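I sat down with this one to take notes chain by chain. Here is what I looked up, in the order I went through it.

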Amino acid sequence: MNELDSKATILLMGLRRGGKSSICKVVFHNMQPLDTLYLESTTNPTSEHFSTLIDLGVMELPGQLNYFEPSYESEALFKNVGALVYVIDAQDEYLNALTNLAMIIEYAYKVNTKINFEVLIHKVDSLSEDFKLDTQRDIMQRTGDELFDLGLEGVQVSFHLTSIFDHSIYEAFSRIVQKLISELPFLENMLDNLVQHSKMEKCFLFDINSKIYVATDSSPVDIRTYEVCAEFVDVTIDLQNLYKDQNEDRQMKSVSILGNGVVIYLRQMIRSLALVALIRPTNSSTSPANYDTSIESCLTVMDYNIDIFKKGLEMVWAHAKVPGTEMDHRPQEHYKPATTF
Amino acid sequence: MSSNNRKKLLLMGRSGAGKSSMRSIIFSNYSAFDTRRLGATIDVEHSHLRFLGNLTLNLWDCGGQDVFMENYFTQQKDHIFQMVQVLIHVFDVESQEVRRDIDIFMRALKQLKRYSPGAKIFVLLHKMDLVQLDKRHELFELMISKLQETSEIYGFPDLVGFPTSIWDESLYKAWSQIVCSLIPNMDLYQSNLKNLKEVMDAREIILFEKATFLVVCSSNTSTGKSLDPKRFEIISNVMKNFKQSSMKLKSSFRTLVLNDKIYVSELSPDMMCFIVLNKSEDPQDLILENIKKARVYFQ
């Protein structure tokens, strides 16, 4: 079978100078946001593959091409795509972009009705808080109107406000990637179980290379918590790399205790995934002497529970790879859950 | 507290060289990005920083506009240049008027020779990130040898220079060495650290100042050559970023244990220790107990 076909592919599109390459570089190559100022204009479609929980392909199309020229194989392109991410520059005049977007959606929807359409309202870092919301409302409204005129009111389009200078771009990509993971409901369920039984406040399943979270428990995501957890992944990797022996291939595990008793816990899971959890030990006796012991017992429980969770993850993954239940781009529809869960 | 523990540091350089940015990053927890918001410093901005408990750094950040500069060298000269322990002179690598920059430096040295001849001189070649990677070293050598000559004429033969940039760890390296040159009981720390290293069978132990995460001293200088020579600065940088982000959870950083091998923990109210063990089999309790015991020696 063709490896490429089974990959969930994200197609990154938008007008020129919208910031597509910068997004790619920042999210998947750890480039510093300021360095992206020096990126050259992309001339050819570039594609990259990432192996997180699923094999993810990200394909970036140059903005200046016209995809409706008959010579271009746009039909084949849209057929194998899981999500279409359209980048709109919020600092620029965006009416052209919206027309372009509507055209692309119309065409893509004809070819493949299963595509997730995602719109990134990008470069919002320089807009004031009020103006951000106004812009979002305006863009949503206009897109809705355009699609209505084309007779496509059934198409679901999601909008995200993003900037590469803060964590919003990771947040948006996390949500986009999550839609492509067919095992997501099981993962969330497992994480929920884990959270309930280990006094955790929040936990994320991170891809350690890109800091995208592929799953989290069902409590609402606080962006600050996410930032701290993502930075903890960075800290762990950086420190580990400094003192790593060549022949050493250990699974990462790190624990940090903060002044007010909050514990940040990181354990490496399968396939370059790491579980990062935030624990707030409920200390019934608030005296400082019991403080340390309550953290300690909490960590022991954590270790045990996370071992179980890891086994579960391995099993889900083993089943996901069985031919026949091979991943489809859309969750839930064709995928039969493994009976063990 | 004896007046001996008060150290006066002059931070000089022409306007726009990045003096206040450095100060804000090292001592006020700014990120490099935040420094854009800083305006011009008017006249002299004083800051008093407690460092390692009994050491007080009086940092005089001298605004670099020509008007102020002229003032320092004429009317205020005795006020500014008296009892200076350290002069940190900052040069902008991108500056168009190198001659004038050096001229100002010479005038400062002249006053220093008159009012505080025992001062240590540090020169920072700042904004190195704006120079191409392969040209940095050459440019640095050229500039430093030139400045060395200049300062020798004024009777300060051992000038120390650093290439710095706020966008990487070079800034921490420079400031660590500057501040370390002021710590009086360094030998004691060094020998205590050596003992601790042997007791714990550690690969390396590094001491950091808690608030700024500048390196105070480290256990090995010769062994472990395979390690990254820039690791101190990288650790400073990484830990400071993490300290910053733990602030988002309305808390302060306390300990970190990585792979049962790297321990970061408080050693005294104003010091952090960073311990890398040779092996990771030892139980955590034992290590933490050792660290607790060691605290007595680093008060």
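Before the surface figures, a word on the term: accessible areas here come from the Shrake-Rupley method with a 1.4 Å probe. I also noted at the top of the page that this is a predicted model.

**Entry 1: chain A overall**

I started with the surface of chain A. Chain A exposes about 16100 Å², and carbon and sulfur atoms supply 50% of that area. I then looked up the secondary structure and found 9 helices and 11 strands in chain A. Of its 341 residues, 53% count as buried. I also checked the contacts of chain A with a separation of 6 or more, and 68% of them join residues 24 or more positions apart.

**Entry 2: helix α7 of chain A**

Next I checked the length of a helix. Does the span of helix α7 of chain A agree with 1.5 Å a residue, or disagree? The helix covers residues 184–197, and its 14 residues should span 20 Å; the end C-alpha atoms are 20 Å apart, so the two agree.

I listed the buried residues of α7(A) too: A:Leu184, A:Leu187, A:Met190, A:Leu191, A:Asp192, A:Leu194 and A:Val195. I wrote down that A:Asp192 is on that list. After α7(A) comes A:Lys199, and its phi is positive, near 60 degrees.

**Entry 3: two single residues in chain A**

I picked A:Thr143, which sits in helix α5 (residues 129–149) of chain A. Is A:Thr143 buried or exposed? Its relative accessible area is 3%, so A:Thr143 is buried, the cut-off being under 20%. Setting aside neighbours within four places in sequence, I found A:Thr143 in contact with A:Leu98, A:Leu101 and A:Phe159.

Then I turned to A:Lys211, in the loop between β7 (200–207) and β8 (213–216) of chain A. A:Lys211 is not a glycine, yet has a positive phi of about 65 degrees. I looked up its accessibility as well: with a relative accessible area of 6%, A:Lys211 is buried.

**Entry 4: chain B overall**

On to chain B, which has 9 helices and 11 strands. Buried residues make up 55% of its 299 residues. How does the radius of gyration of chain B stand against that of a compact globule? A compact globule with 299 residues would have a radius of gyration near 19 Å, and chain B has 20 Å, which agrees. Along the principal axes, the C-alpha atoms of chain B fill a box of roughly 65 × 45 × 40 Å.

For chain B I noted that residues 24 or more positions apart account for 69% of the contacts with a separation of 6 or more. Its exposed area is about 14000 Å², with carbon and sulfur atoms supplying 51%. I looked up the charges as well: chain B has 39 positive and 35 negative ones, and their mean positions are 4 Å apart.

**Entry 5: helix α4 of chain B**

Helix α4 of chain B runs over residues 98–115. From first C-alpha to last, its 18 residues reach 26 Å, close to the 26 Å expected at 1.5 Å a residue. Which residues of α4(B) are buried? I wrote down B:Asp101, B:Ile102, B:Ile104, B:Phe105, B:Ala108, B:Leu109, B:Gln111 and B:Leu112.

I followed those buried residues to their packing partners in chain B. They pack against three helices, α2 (66–73), α3 (77–81) and α5 (136–153), and against the strands β1 (6–13), β4 (86–92) and β5 (120–126).

**Entry 6: three single residues in chain B**

B:Lys127 lies in the loop between β5 and α5 of chain B. Its phi is near 65 degrees, a positive value in a residue other than glycine. At a relative accessible area of 23%, B:Lys127 is partly exposed.

B:Asn192 lies in helix α7 (residues 186–200) of chain B. B:Asn192 is buried, with a relative accessible area of 14%. Not counting residues up to four places away in sequence, B:Asn192 touches B:Tyr297 and B:Phe298.

My last stop was B:Lys293, in helix α9 (residues 284–294) of chain B. Its relative accessibility is 53%, and B:Lys293 therefore counts as exposed, the cut-off being over 50%. I also looked up its distance to B:Lys113: the two are 180 residues apart in sequence and 47 Å apart in space, C-alpha to C-alpha.

Key. Residues are numbered from 1 along each chain as its sequence is written. Chains are lettered from A and ligands numbered from 1 in the order in which they are written. This is a predicted model: local features need pLDDT of at least 70, side-chain atom pairs count only at pLDDT 80 or more; totals for chains, interfaces and linings use all residues. Side-chain values use heavy atoms; hydrogens and water are left out. Helices (H or I, at least four residues) and strands (E, at least two) are DSSP runs, numbered from the N terminus. The radius of gyration is taken over C-alpha atoms; the globule rule is 2.2 Å times the number of residues to the power 0.38. Buried means under 20% relative accessible area, exposed over 50%, partly exposed in between (1.4 Å probe, protein chains only). Contact means heavy atoms within 4.5 Å. Lys and Arg count as positive and Asp and Glu as negative; His and the chain ends are not counted. The place of a charge is taken as NZ of Lys, CZ of Arg, CG of Asp or CD of Glu. The expected span of a helix is 1.5 Å times one less than its number of residues.
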